[in-house]
Amino acid sequence: MSRSRPCLLAMLVTVLVTGLITPSAHADEQVLDPLPTPAVSGLGLTLKEIATLPKSEPVPAPTDSRLKRWNRINYLGELPDHSGRLYVPDLNGKLYFLKDGQQHVYLDVGAEAAGADFYTHKGLGSGFGFVAFDPRFAKNGRFYTIHTEAWGALTSKKPDLAYPEQQTAQGVLTEWTATDPKADVFSGTHREVLRLGFEGQLHGIQEIGFNPTAHWWDADYGLLYLAVGDGGVGTKNSVPQDLLMPQGKILRIDPRGTNSANGKYGIPRANPFVGKAGVLGEIYASGMRDPYRFSWDPAGWRHQMFLGHIGEKAVESVYEITPGANLGWSEREGPFLYKRGDPSCGVFPLPPDDAKFGYTYPVAAFDHNRLASQKPCADSGNALMGGFVYRGHKLDGLYGKYLFAEGVSGTVLYSDVRQMRIGAPLAKVQQLMLYNEAGKRVTMQELAGDPRVDLRFGQDQSGELYLTAKANGKIWKITGTRRFADCRVGHTEVSHATSARDWAPVTPAKWQFPGREVVLAQAGEQRPGPRRPFEYAVLTKGPVFGSVRIDAEVRLDTPVDIPNRDVIIVFGYQSDTQFYYAHLSQDNTIYPHNGIFAVNNADRLRIDDQWDAARSVGALPAVKDARWHDVEVTHCAATGEIAVYVDGSDAPLMTAIDPTFKSGRVGFGSFDNIGRLRDLTVTGTREK
């Protein structure tokens with residue numbers, strides 16, 4: 001019953017996901033629930049607030065409420081000059097430097113680069129989008145920014161790489177050269193490097209960056225990557241697939257070269273399409289909707305490049321980017337077929353001949369989990385924020401994990417890089433818990449003071465990680481990790497409890513004690529009083545426990561074709577109307593099943609984190625067959641943390657925090673089914 005055993009739940013998820021991306025003959029059948037919901041990992045991040053950036057406003061005042069934020073900070077990095085200075089761009093125009101708790105404006109990019117043409121009030125990525133410092137900034141003072149322009153720019157300034165349709169915005173790459181790289185306020189010169197036109201205000205140039213794993217002797221050193229969105233047009237045309245257009249692509253350029261059409265930058269000879277007719281040599285990879293954030297894994301010889309890609313209406317994806325890769329948009333959304341113009345705005349199985357297209361599919365992904373009340377094509381309010389592979393040594397349990405997020409809600413996620421391989425089954429996506437410095441579990445929505453967090457990631461030169469929120473302009477450093485329900489439960493142990501004298505059943509006649517097992521042989525019946533399990537037996541052998549860990553194997557004997565099958569593990573038992581129980585069921589779609597509950601002189605109350613009332617779904621089903629299953633329940637009395645593990649998983653299937661009962665006995669039973677228990681061991685702190 002050790003959690004080091006292979007996780008059957010994870011294996012099930014892998015099988016399901018592998019099946020989903022297999023070509024199918026039923027291409028007309030919409031995939032209604034494309035991917036599993038990320039599981040809670042049981043691993044948490046400790047966050048320390050380090051700064052609050054000043055309030056700022058878009059120009060002119062926006063009508064879209066999503067742009068009305070405290071400010072629009074969207075990244076944090078550290079200057080590559082060993083000064084310890086952090087930098088933070090605000091989409092509303094200004095670049096901030098931070099050091100030792102102090103902050104100041106380094107440069108007003110919007111005002112200096114664009115003036116009256118600076119454009120920030122429409123489109124979630126409009127404004128001063130990003131900044132990238134040359135790896136030799138300490139010597140040459142060079143850095144690069146992107147910003148959006150409209151109004152006069154649309155008629156007086158022509159894009160370098162044309163877009164054939166009417167344009168409503170332009171994205172501009174600018175090179176800046178600081179006279180004194182050590183100065184805390186910019187003074188120097190700037191020049192325009194590249195200007196791109198976009199049909200819409202959405203999905204412009206989202207990020208620029210240098211490969212930090214490249215050394216001066218590498219061909220990639222000093223080359224600048226640009227993540228260019230499709231301008232919002234991929235739902236109506238195939239521009240992201242057109243290799244004559246930069247929209248929906250990752251570009252790679254030499255910002256100091258001159259062999260481009262405008263003579264202001266270079267096209268690296270190693271780019272995958274250089275020299276090919278009818279293709280832009282600047283293109284590094286294609287087939288993208290909104291390539292929002294990219295980063296490189298600093299470890300290993302491969303130095304993989306990962307991209308967090310924001311999906312359309314169904315799937316959010318992480319890709320490994322290789323030269324010449326085509327991610328498939330807008331023929332594909334994640335690992336599924338996308339049909340432009342389909343009224344469902346959904347996704348469909350891949351066609352049987354999919355291999356001939358050569359698309360690159362995600363290495364990790366999750367779906368939008370749209371509510372039944374939402375219109376099919378409405379904005380679901382989900383957006384994947386790409387992050388970083390952690391290779392530091394200060395955060396236990398995170399080494400080799402790629403951290404990313406659902407940015408609107410601020411849900412922080414991770415996948416193991418070892419599972420993130422092109423062509424392999426999708427890596428398991430797990431959710432990280434969050435804690436403040438005092439050790440209290442929190443959510444980003446609580447920390448940001450808003451249901452819409454607009455979370456982004458940051459990283460310093462040592463590889464340590466940060467979170468930012470547009471909702472309140474705050475920045476947090478991830479300072480540690482902790483395991484949920486990782487308390488020291490104590491050393492008092494009770495085992496070999498299979499005799500009738502060891503148990504006190506509600507209805508003794510319904511129970512059998514044949515030797516190695518405890519058997520509920522007859523189904524229970526509802527009793528007067530609050531709604532609670534109908535039939536259970538309380539373990540009387542041993543003491544009353546405070547903190548406790550329960551290890552056992554359980555089996556459901558009710559035939560699998562009968563619905564609503566369940567067994568329960570009781571803990572914190574004080575009386576017939578005061579106790580906790582973990583409900584293990586094959587049904588996770590109704591309130592009283594497959595969760596953690598408290599009975600406190602009233603009808604049972606669901607207390608687990610996994611229950612989503614809006615969607616009426618909880619944790620993955622715990623027991624779906626007639627086999628034996630390992631179960632572990634841990635209850636930390638001091639913190640109220642409760643974790644339920646099934647089949648040796650290293651991640652809890654269910655979690656809860658509840659302070660109601662600090663001690664009690666344990667037990668086993670069901671509502672109205674039959675089942676059995678064996679190999680029970682209870683370890684805990686003897687309650688005085």
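Me: What makes up the lining of the second largest cavity, by class?

Reply: In this predicted model, that lining has 6 nonpolar, 13 polar and no charged residues. The volume of the second largest cavity is about 140 Å³. Its lining comprises 19 residues, and G125, S126, T148, G204 and I205 are the closest to the centre. Glycine counts as polar here, so G125 and G204 fall in the polar class.

Me: What makes a space count as a cavity, where a probe fits but cannot get out, and not a pocket?

Reply: A 1.4 Å probe fits in a cavity but cannot get out, whereas a pocket is an open set. The structure holds 8 cavities of 30 Å³ or more. At about 140 Å³, the second largest cavity is therefore above the 30 Å³ limit used in that count.

Me: Which strands each supply at least two residues of the cavity lining?

Reply: They are β7 (142–149), β8 (169–178) and β10 (205–210). Two residues in these strands deserve a look of their own: H147 is in β7, and Q170 is in β8.

Me: Why is Q170 called buried?

Reply: Its relative accessible area is 1%, and buried means under 20%, so Q170 qualifies. Beyond four places in sequence, Q170 touches H147, T148, E149, A153, L154, K157, P159, R195, L196 and G197.

Me: How do you know that the side chain of Q170 and the backbone oxygen of K157 make a polar contact?

Reply: A polar atom of the Q170 side chain lies 3.0 Å from the backbone oxygen of K157. The cut-off is within 3.5 Å, with one atom able to donate a hydrogen and the other to accept it. The distance of 3.0 Å is within that cut-off, so it meets the distance part of the test.

Me: And why does H147 count as buried?

Reply: H147 has 2% relative accessibility, and the limit is under 20%, so it counts as buried. Its side chain is joined to that of E149 by a polar contact of 2.7 Å. Residues in contact with H147 from further along the chain include Q170, G171, V172 and T174, as well as F118 and F128.

Me: What makes a set of residues a nonpolar core, with side-chain atoms within 4.5 Å?

Reply: Its members are buried residues of the nonpolar kinds, joined through side-chain atoms within 4.5 Å. The largest core has 72 residues, of which L95, F143, L173, I208 and L226 touch the most other members. Strand β6 (residues 128–133) gives the most to this core, with 5 residues. There is also a second, separate core of 40 residues, which includes A497, V518, V548 and A656.

Me: Which residues is L173 in contact with, leaving aside neighbours within four places in sequence?

Reply: Among them are Y144, I146, V193, L194, I208, L224, L226 and I253. The contacts of L173 also include R191 and E192.

Me: Why is I550 called buried?

Reply: I550 has a relative accessible area of 4%, under the 20% limit, so the name fits. I550 is found in strand β34 (residues 545–556), and one of the residues it touches is E632.

Me: Why is E632 called buried?

Reply: The figure for E632 is 3%, again under 20%, so E632 is buried. E632 lies in strand β39 (residues 629–636). A polar contact of 3.2 Å joins the side chains of E632 and T634.

Me: Why does G423 count as exposed?

Reply: Exposed means over 50%, and G423 reaches 79% relative accessibility, so it passes. G423 sits in the loop between β23 (411–416) and β24 (430–435). Its C-alpha is 8.5 Å from that of P362, with the two positions 61 residues apart in sequence.

Me: Let's finish with a pocket. How do the residues lining the second largest pocket divide by class?

Reply: The division is 20 nonpolar, 11 polar and 7 charged residues. About 980 Å³ of space lies in this second largest pocket. Of its 38 lining residues, E78, P80, F210, P212 and Q461 are the closest to the centre. Glutamate counts as charged, so E78 belongs to the charged class. Elements that give two or more residues to this lining include β2 (77–78), β10 and β14 (290–296).

Technical notes. Residues are numbered from 1 along each chain as its sequence is written. This is a predicted model: local features need pLDDT of at least 70, side-chain atom pairs count only at pLDDT 80 or more; totals for chains, interfaces and linings use all residues. Side-chain values use heavy atoms; hydrogens and water are left out. On a 1 Å grid over the protein atoms alone, a cavity is a set of points where a 1.4 Å probe fits but cannot get out, and a pocket is an open set with protein on both sides within 12 Å along at least five of seven lines; lining residues have an atom within 4 Å of a point. Helices (H or I, at least four residues) and strands (E, at least two) are DSSP runs, numbered from the N terminus. Buried means under 20% relative accessible area, exposed over 50%, partly exposed in between (1.4 Å probe, protein chains only). Contact means heavy atoms within 4.5 Å.
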